[in-house]
Amino acid sequence: MNITITKTTAPKAKPADESQLGFGKIFTDHMFIMEYSDGTWHSPKIQPFGNLALSPAAMVLHYSQTIFEGMKAYRSPQSNGGEDDILLFRPKDNFKRLNVSAERSVIPPVDEEFALKALCELIKTDKDWVPRSAGASLYLRPYIIAVDPFLGVRPADKYYFIIIMSPVGAYYPMGLNPVKIAIEEQYVRSVKGGMGFAKAGGNYAASLIGQKTAQAAGYEQVMWLDGVERKYIEEVGSMNVFFAIDKGEDNGTEIITPALNGSILPGITRMSVIELCREWGMNVTERKIAADEVFDLHARGALKEVFGTGTAVVVSPVGALKLGDRAIEINGGQIGAISQKLYDTLTGIQYGNLPDNMGWTYRVI
Ligand SMILES: *Cc1c(COP(=O)(O)O)cnc(C)c1O
């Protein structure tokens, strides 16, 4: 398929101060869009960023048949014949996951290779929008929506696959800052058999109330428990979660993360952290871990670090945890050595500042 490119005649001014970018507030000059109808994806276009024309009856607006991905493009100072390199991190895994989400949502799959090609074309079209300052990047948001104007409940016949892009600042402009997290006891995000493993819009609507209650209690984010026993930790907000446990002098540190069980989102950062820790000879276990176990480990002085992982934050240390009326401080509310090393290594690879021994980076330019 050939991508039709129509360039804007009115390019926007790029943000003058990259330290003020924040997250997801401004968008580049162009977007990618292709359509699915009559059983095929067709008419791929790169066009000026602008509003969609949708019927108010469009199915996505009523029944949330929509999925998305989140990834980033990084400007690498290592110059490529005078020009900066622009790198992606494991992008094939994102499009693979998009199709997993599509299958669960009865959305027709996209050709993963073509989707990556379209993404690269779009980034090249707006390459000057990839930020230059340390820690800043171009956030990429591919998504699919059901657009038939129809109020019956069934899978749609027409879809749009769209990619928009937003320059974003360093998540922690002042350095890694531990977050305070409240464990949600009343609401659940997902259950096994539901859509928790998919990046599907409805999951996030379901999670907003937990975020709101956590914030009302003076915490920044919510930690979800499993939907069946309400005992085992699943993930944090839109991050996967890890625990570093001191096993005593001879046994070193064990890294524990909840095993993927159908209701947890299989993060690409999660997978990368597991692979890196194993590469470093650390003992990584994917298993069920109860909230009570975490509090017991803390009481015994064995809970060294807790951290979240995700594309937006990379690695986010957790400084405090609350469950009901129990509250604990982790590592004195300070960032731990493992979180810091993971953050430095992952961002080092993403920005091309460290050698990529894992083969994770993908060059756009
Ligand atoms: C996207 C997401 C993550 C993190 O996935 P990455 O691929 O590492 O960005 C974790 N949990 C939820 C619920 C998510 O939506």
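In this predicted model, S101 touches I67, A198 and K199, leaving aside residues up to four places away in sequence. S101 is found in helix α2, which spans residues 91–104. Its relative accessible area is 0%, and S101 is therefore classed as buried.

One of these partners, K199, leads from the helix to a loop. K199 lies between β9 (179–183) and α4 (201–216). With residues up to four places away in sequence again left out, K199 touches I67, F68, E69, G70, R97, S101, Y204 and L265. I67 thus appears among the contacts of K199 and also among those of S101. Which side chain of opposite charge is nearest to K199? That side chain belongs to E69, at 5.6 Å. A salt bridge requires a side-chain nitrogen of Lys or Arg within 4 Å of a carboxyl oxygen of Asp or Glu. K199 has no salt bridge, yet it is buried.

Y204, a contact of K199, leads on to the open spaces of the model. Y204 is one of the residues that lie nearest the centre of the largest pocket, together with G237, S238, M239 and A312. The lining of this pocket comprises 33 residues, and its volume is about 770 Å³. Two or more lining residues come from each of β7 (137–146), α4, β10 (221–225), β11 (233–236), α5 (268–279) and β15 (303–310). Among the contributors to this lining, α4 gives the most, with five residues. Sorted by class, the lining holds 14 nonpolar, 13 polar and six charged residues.

The second largest pocket contains about 400 Å³ of space. It is lined by 28 residues, and A134, G135, A136, T347 and Y351 are the closest to its centre. Strand β5 (71–80) and helix α7 (337–350) are the elements that give two or more residues to this lining. Its class composition is 14 nonpolar, 10 polar and four charged residues.

Enclosed spaces can be considered next. How many cavities of 30 Å³ or more does a search of the whole structure find? The search finds two. The largest cavity holds about 90 Å³ of space, and its lining consists of G70, M71, K72, Y74, L88, F89, N94, I268, T269, T311 and Q350. The elements that supply two or more of these residues are β5, β6 (83–89) and α5. Of the contributing elements, β5 gives the most, with three residues. The lining divides into five nonpolar, five polar and one charged residue. Among the lining residues is G70, which is also a contact of K199. In addition, β5 contributes to the lining of the second largest pocket, while α5 contributes to that of the largest pocket.

The second largest cavity contains about 40 Å³ of space. The residues that line it are K304, E305, V306, P317, V318, I330, N331, Q334, I335, G336 and S339. Strands β15 and β16 (314–323) each supply at least two of them, and β15 gives the most, with three residues. By class, five of the lining residues are nonpolar, four are polar and two are charged. Strand β15 also gives two or more residues to the lining of the largest pocket.

Backbone geometry draws attention to two loop residues. Most residues other than glycine have a negative phi. R90, although not a glycine, has a positive phi of about 50 degrees. Its place is in the loop between β6 and α2. R90 has a relative accessible area of 11% and so counts as buried. R230 also has a positive phi, near 55 degrees, and is likewise a residue other than glycine. It is found in the loop between β10 and β11. R230 is partly exposed because its relative accessibility is 38%.

A final site concerns N283, located in strand β14 (residues 283–286). With a relative accessible area of 42%, N283 is partly exposed. N283 touches T253, E254 and I255, when residues up to four places away in sequence are not counted. The C-alpha atoms of N283 and I255 are 6.1 Å apart in space, although the two residues are 28 apart in sequence.

Conventions. Residues are numbered from 1 along each chain as its sequence is written. This is a predicted model: local features need pLDDT of at least 70, side-chain atom pairs count only at pLDDT 80 or more; totals for chains, interfaces and linings use all residues. Side-chain values use heavy atoms; hydrogens and water are left out. Helices (H or I, at least four residues) and strands (E, at least two) are DSSP runs, numbered from the N terminus. Buried means under 20% relative accessible area, exposed over 50%, partly exposed in between (1.4 Å probe, protein chains only). Lys and Arg count as positive and Asp and Glu as negative; His and the chain ends are not counted. Contact means heavy atoms within 4.5 Å. On a 1 Å grid over the protein atoms alone, a cavity is a set of points where a 1.4 Å probe fits but cannot get out, and a pocket is an open set with protein on both sides within 12 Å along at least five of seven lines; lining residues have an atom within 4 Å of a point. Grid points are joined across faces, edges and corners, and a volume is the space filled by probe spheres set on the points. Ala, Val, Leu, Ile, Met, Phe, Trp, Tyr, Cys and Pro count as nonpolar, Asp, Glu, Lys and Arg as charged, and the others, Gly among them, as polar.
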